[in-house]
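Hi,

Here is the structure I promised to pass on. Have a look at it first, and then read on for what turned up when I went through it.

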Amino acid sequence: MLKVNKLYVEYDGVPALRDISLIVNEKEIVSVVGANGGGKTTLLRTISGLIKPTSGTIEFMGEEIHTLSPHEICMRRLIQVPEGRQLFPKMKVIDNLKMGAYLPEARKNLPQSLERVYKLFPIFKERTKQKAALLSGGEQQMLAISRALMSMPKLLMLDEPSEGLSPLFTDNVFETLKILKEQGMTILLVSQEVERSLELSDRAYVLENGQIIMEGKGGELLCNDKVREAYLGM
Amino acid sequence: MRDKTNGRYMKYGLFLIVMFMLFVFPVLKPPLFFLSLLFTAYMYVALAESWNLMGGYTGYISLGHIAFFSTGAYTTAVFMNRFGVSPFATALLGGFFAAVLAALVGYPVLRLKGAYFTISSLLLAVVMQLIFMNWDFVGSSVGLWYKLLPVSIEINRMIFYEVMLFLATAITLIVRWVEKSKFGAGLIAIREDEDVAKTMGINSPWLKMKAFILGAFFAGVIGGVYGYYIAYVHPEVTFNINTSLLILLMSFFGGCRTWVGPLFGAIVLSLVNQLIVTFIGAEISRILYGMLLVVVIIFMPDGVIHYIRGLFVHRKIRHGDSIL
C-alpha cells in the first residue's frame, strides 16, 4: 500500500534520513521505533508532504506521491496524526472534528464518521461544545486521532501518540489502535514506546541516526537481544 | 427551539431597522459634519473587515492594505482625468486592479510567515508610494484632481454617505458569510496551525491567496470611492502608511477573530477619535486614543468583543447554567 524507497532527506545539507526503505501492506500495523533524534518524525512529515525529500521515492496505492503537496496527499486519504496532539485548541471539540472532514469526500460522509468517532469515544458526544484546550492530555490525543478518522483514512499515520501521557491513557491509546486494527485500518506508527509498539505491530523497523538498522516481525524484534538491550533496558 | 427562531427573527428585524435608519439618516438634513464623520466610520468598517479576511482569520498581518486601497483610488482618478469616466463606474475596476496586484505580490510574499510577511507587505506600500511619486502618467508628486459632481455640497455628501454605507454593509455581510463558510473554516485552521491544516487536506497556499485577493479587491473598491470623495489623489496622502496601521489597530481593538470585532473597533475608534478631536482637542485625543489601545491590548488581548462575550459566559456559569 505504502512503499518508501531509498528516501534521503536533509535539513540544510545535514542528512536526517539516509536511504530509508520501508513497506506498509494493507490492514497491517507497522511501527517505526527508535530513540530521539533518529528521524522518525522527519519520516512521517516527509510522507505527508510537509518536507520534500532530496532523493528517493514514496509510492501510495501505486502512485508516486513525494512530489505532491500536503493537501493532495491528504486527498488520497493518507492521513497523519501530528506529534504532540496538535489540535486547534481554541476551537470546539465538534469544530475540530469537522475540520478533519474538510475534503469533499470526507464531508459527504460526515454524519457516519461522527457516529463512528462517538462510538469509539463516547465522551466527545457529551462535550461537543467544549474547547479542545480544556480537554485532558489523553482526551486531546483521542481527539487528534478522531479528527484524523474523520478524514476517512486509508492509511493512518501516528506520530508518538502516547507522548507525555499517563500510563492509563497510554493504555487507552494502544487499546484504541488495536480496535482500529480489528476494524481493518492500516496504520503506520512511530513511537518511543518500543515494547508496546512492537507487541501491537505486525512488522516493525528500528530507526537509528536516520538509518534503518533492523526490521522484522514485531514479536521477533521484541525477542531480539540488541533491541532488548538498547531500548528495553533488559 | 422556538425561542431560537424567534431570537433570529428579532436579530434580522433589528438589523433591518438599524440599516433603514442609517440609510434615511441624511434625509433629516443633519449637519454636514455628521455625514463626513459617518462616511469615515463606514470606510474604516469596510477596510477593517476586508483586512480581517487575511489578518484576522489566517493571522497573516499585512501592512500593505493601503497599497490596494490606493490602487483603487488611482484607478478611478486616472480614468476620470484621462477618459472622463465617472469613478462610480470604475471603482469596481479599481478593485480588479488591486486584486491583480494582490495576486502578483501574493504569489511570492505569501510564502513568508510572521514578521517576514508583515515587513514585505509594508515594503509593498512604501515601494508603490515611491513609484507613484515619480510616475508622470498618474500625476507624480503633484497628484490628480477629480472633477466634482455637479451638485450642491449637501447632495454630494449624501451620495457618498449612501455609497459608503452600502459598501460597508455589503463587505461586512460577505466577510461574515466567509467566516461561517468552509472557506473561512480553512482560513481559521491556517491561523491555528498551518502545518496541521495542511495535513488535513487544506490547500493553504490557495486559500491564503483567495483571502488576500478578495481583501485587496474590497480595498480597491473602497479606495476608488474614497479618492472621489476627497477629490484628489496624491502619493503622500493616498499612500499614508498610518492608514494601514489604523486598520490593523481597529481590528485588534474589536477582536480580529470574528467579523463583529473589526466592525465594532472601526466604529468606536473612528468616532471616538473624531469626536474627541472636535469637542475636546487634538492633543487630548491622541493621549486618550493611545491609552485606550494600551488598555485593550494589555487586558483584552483577543479584543473587546471577545472580552465582553467572556463576561457573558462566566455569568451564565455562575448562575449554574451549563454553557454546553
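In which sense do strand 1 and strand 2 (residues 14–24) of chain A pair, and over how many bridges? They pair in the antiparallel sense, over 7 bridges. Before I go further, please keep in mind that this is a predicted model.

**The hairpin in chain A**

Strands 1 and 2 of chain A form a hairpin with 2 residues between them. A:Asp12 sits in the turn and has a positive phi of about 50 degrees. If you want a spot to check the register, look at A:Val9, which stands opposite A:Leu17 in strand 2 of chain A.

Strand 1 of chain A also has strand 4 (residues 55–60) of chain A as a partner: the two run antiparallel and are joined by 5 bridges. There, A:Val4 stands opposite A:Ile58.

One residue in strand 1 may catch your eye on a Ramachandran plot. A:Lys6 is not a glycine, yet its phi is positive, at about 45 degrees. It belongs to strand 1 (residues 2–11) of chain A. Is A:Lys6 buried or exposed? With 12 other C-beta atoms within 10 Å, A:Lys6 counts as exposed, because the exposed class takes in residues with 12 or fewer.

**The open sheet in chain A**

Chain A also has an open sheet of 6 strands, in the order 6-7-8-3-9-10 and with mixed pairing. Its edges are strand 6 (78–81) and strand 10 (211–217) of chain A, each of which pairs on one side only. From one strand to the next, the twist averages 15 degrees.

Strand 8 of chain A is the part I'd zoom in on. How many of its 6 residues are buried? The count is 6 of the 6 for residues 186–191, so strand 8 is largely enclosed by the rest of the structure. In a regular strand, side chains alternate between the two faces of the sheet. Here both faces are covered: A:Thr186, A:Leu188 and A:Val190 are buried on one side, and A:Ile187, A:Leu189 and A:Ser191 are buried on the other.

Strand 8 has these pairings with its neighbours in the sheet:

- Strand 3 (residues 29–33) of chain A runs parallel to strand 8, with 5 bridges joining them. A:Ser31 stands opposite A:Leu189, and A:Val32 stands opposite A:Val190.
- Strand 7 (residues 155–159) of chain A runs parallel to strand 8 as well, again joined by 5 bridges. In this pair, A:Leu156 has A:Ile187 as its bridge partner.

Helix 8 (residues 167–182) of chain A completes a right-handed β-α-β unit with strand 7 and strand 8 of chain A.

**Helices in chain B**

Two packed helices are described by the angle and the distance between their axes. For helix 4 (residues 87–109) and helix 9 (residues 204–230) of chain B, the axes come within 7 Å and cross at roughly 145 degrees. The crossing is right-handed. What kinds of residues make up this contact? They divide into 19 nonpolar, 8 polar and no charged.

B:Gly72 is worth a click too. This glycine is in helix 3 (residues 65–83) of chain B and counts as buried, with 34 C-beta neighbours inside 10 Å. B:Gly72 and B:Gly220 are 148 residues apart in sequence, but their C-alpha atoms are 3.9 Å apart in space. Beyond its neighbours within four places in sequence, the contacts of B:Gly72 include B:Ala91, B:Gly94, B:Gly95 and B:Ala98, along with B:Ala219, B:Gly220 and B:Gly223.

Chain B has a positive phi outside glycine as well: B:Ala231, near 75 degrees. B:Ala231 lies in the loop between helix 9 and strand 2 (232–233) of chain B. With 14 other C-beta atoms within 10 Å, B:Ala231 is partly exposed.

**Where the chains meet**

How many residues of each chain are in contact with the other? There are 19 from chain A and 14 from chain B. On the chain A side, helix 2 (70–75) and helix 3 (93–100) are the elements that give two or more residues. Helix 2 of chain A gives the most, with 4 residues. By type, the chain A side divides into 10 nonpolar, 7 polar and 2 charged.

Cheers

Methods. Residues numbered from 1 in each chain as written. Chains lettered and ligands numbered in written order. Predicted model: local features only at pLDDT ≥ 70, side-chain atom pairs only at ≥ 80, totals over all residues. Buried ≥ 20, exposed ≤ 12 C-beta atoms within 10 Å, placed from the backbone. Pairing = 2+ DSSP bridges. Right-handed = clockwise from strand over helix to strand, strands pointing away. Axes fitted to C-alpha atoms, helices over the stretch in contact; angles between N-to-C directions. Left-handed = near helix turned anticlockwise from the far one by under 90°. Nonpolar A, V, L, I, M, F, W, Y, C, P; charged D, E, K, R; others polar. Contact = placed C-beta atoms within 7 Å.
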